[in-house]
Amino acid sequence: MIDYDAFLSRAAAGMKESAIRRMGSVVARNRDVISFAPGYPSAETFLNQDFQEIARELLSGSDEHVLQYGPTRGFRPLVELVAEIMDHRGAPAALDRLLITTGSQQGLDLVARVLLDPGDVVLVELPTYTGAIAAFRNVQAHMAGVRQDADGIDLAALDAVYARLVRAGRRVRLLYLVPNFQNPTGLLIGRDKRLALLEWAARHDILIVEDDPYRELYFDNAATEADVRPMKADDREGRVVYLSSFSKTLAPGYRVAWIDAPAALAAKFEFAKQAADLCTGTLDQRLVYEVARRGILNRQLPLLRTHYREKRDVMVAALGRELADVVSWTDPRGGFFLWARLPQGLDADRLLDRAVRHGVVYVAGEAFFVDDADDGLPRASNDGGRNLLRLSFSAPNHSRIREGVVRLAAAIREELAELSSSASAVQQAR
Ligand SMILES: Cc1ncc(COP(=O)(O)O)c(C=O)c1O
């Protein structure tokens with residue numbers, strides 16, 4: 001028997017399955033499970049008719065380039081269209097700053113490979129996006145978590161964590177942020193704080209990675225275009241590497257996203273990308289380009305805002321009915337996620353088995369935490385997230401959301417009852 005572990009690189013030895021994908025396999029095995037786990041867009045919103053017509057035209061055979069390898073930077077008309085999108089977002093971008101990627105996840109991977117050496121530190125919000133954790137972990141970077149307050153990353157905590165790392169002789173390279181409707185908390189970083197973060201990064205000569213897939217999905221009764229203005233729009237020095245995606249607005253199956261970075265870095269991302277996939281599928285890019293060029297994407301955006309706002313309302317109302325006495329949660333102003341806190345003493349990961357038996361799944365909060373205790377640095381900001389969980393309201397329909405919350409409530413109440421009966425058994429035994 002070959003011991004394959006002995007063949008693994010040090011980086012591969014540390015790679016782990018994503019907690020979210022693991023939940024996906026639970027759902028696949030149990031058909032009636034209602035999933036609040038992955039951040040999937042709602043399949044009801046996919047523009048199948050439009051996609052079909054455009055795909056038929058593209059695949060008519062009239063253009064031999066459609067199925068050919070394309071430029072690594074991306075299908076040129078799409079790159080130009082992304083420049084227009086960036087302009088609309090307040091951050092005009094020259095074409096040499098832009099690179100189309102295979103989802104923003106590839107963008108994160110490129111950022112990690114191009115900008116980090118093993119042991120370098122990335123400052124992340126606590127909690128933070130699991131896909132970013134995976135990309136940074138894969139290059140053996142060290143992640144230091146900074147706690148949040150009501151509008152995202154806490155500036156005082158950022159100072160404290162940074163000072164501790166510098167005292168420990170660490171090289172801090174990047175600050176990774178999801179300012180709009182963060183995954184997993186749904187929080188929105190306020191405008192003043194965005195400006196303060198840019199200043200902070202300049203003061204310490206650190207690059208900011210701004211990951212922005214949810215920007216278009218603000219709920220218009222709770223947030224405005226001004227609230228979701230990217231940090232990139234106020235980046236006078238070229239300190240921000242900006243990532244965004246068509247996954248949440250058109251369909252994630254196309255895997256079309258982009259990076260807007262200072263030209264010198266964009267060139268390096270391009271070289272790194274060549275080694276990964278030569279180019280992003282140009283059929284996908286052409287399709288996304290046509291959907292946007294024909295005005296279909298812009299027509300779709302207000303509908304999506306309403307669609308997801310209604311789902312948020314349904315989930316918040318259901319939580320209010322079923323669990324207000326024991327669970328608290330954030331009320332997101334956009335995006336796909338709501339972050340919930342169970343009563344002290346309950347463990348979201350342990351509760352999952354019971355939740356699956358009741359026919360509902362979520363992602364236990366721990367998956368979004370980084371623990372910087374294992375390399376000798378003092379623990380600072382990691383409170384572990386044991387009683388926290390992420391609920392995604394984006395994919396299920398209204399009745400499944402209501403039913404899922406009823407099932408979740410049943411699991412939580414059963415767990416609470418069991419905890420209190422075992423606590424009183426312990427007391428009686430004393
Ligand atoms: C914060 C964040 N970044 C990146 C991604 C990856 O998006 P894509 O589908 O473009 O790879 C996601 C997807 O859930 C996300 O939530």
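**Salt bridges and a sheet**

Let's start with one pair: Glu-225 and Arg-215 form a salt bridge, with their closest N and O atoms 2.8 Å apart. A salt bridge here means a side-chain nitrogen of Lys or Arg within 4 Å of a carboxyl oxygen of Asp or Glu. Both residues lie in the loop between S7 and S8, so the pair ties together parts that are 10 residues apart in sequence. Helices (H or I, at least four residues) and strands (E, at least two) are DSSP runs, numbered from the N terminus.

Before going on, keep in mind that this is a predicted model, where local features need pLDDT of at least 70 and side-chain atom pairs count only at pLDDT 80 or more, while totals for chains, interfaces and linings use all residues. Residues are numbered from 1 along each chain as its sequence is written, and side-chain values use heavy atoms, leaving out hydrogens and water.

So which of the two partners is buried, Glu-225 or Arg-215? Arg-215 counts as buried because its relative accessibility is 1%, whereas Glu-225, at 30%, counts as partly exposed. The cut-offs are under 20% relative accessible area for buried, over 50% for exposed, and partly exposed in between (1.4 Å probe, protein chains only).

Now look at Arg-239. Arg-239 forms a salt bridge with Glu-237, the closest N and O atoms being 2.6 Å apart. Glu-237 is exposed, with a relative accessible area of 53%. Arg-239 also forms a salt bridge with Asp-205, and here the closest N and O atoms are 3.2 Å apart. That second pair links distant parts of the chain, 34 residues apart: Arg-239 is in the loop between strand S7 (207-211) and strand S8 (240-245), and Asp-205 is in the loop between helix H8 (191-204) and S7. Arg-239 counts as buried because its relative accessibility is 12%, but Asp-205, at 56%, counts as exposed. By the same salt-bridge rule, the count comes to 39.

Next comes the sheet. How many strands form it, and in what order? There are 8 strands in an open sheet, ordered S2-S9-S8-S7-S6-S3-S4-S5, and the pairing is mixed. Strands S2 (98-102) and S5 (152-153) stand at the edges with a single partner strand each, so one side of each is left without a neighbour in the sheet. Two strands pair if DSSP finds at least two bridges between them. S2 and S9 (residues 256-260) run antiparallel and are joined by 5 bridges. To find this spot, look for Thr-101, which stands opposite Ala-257 in S9.
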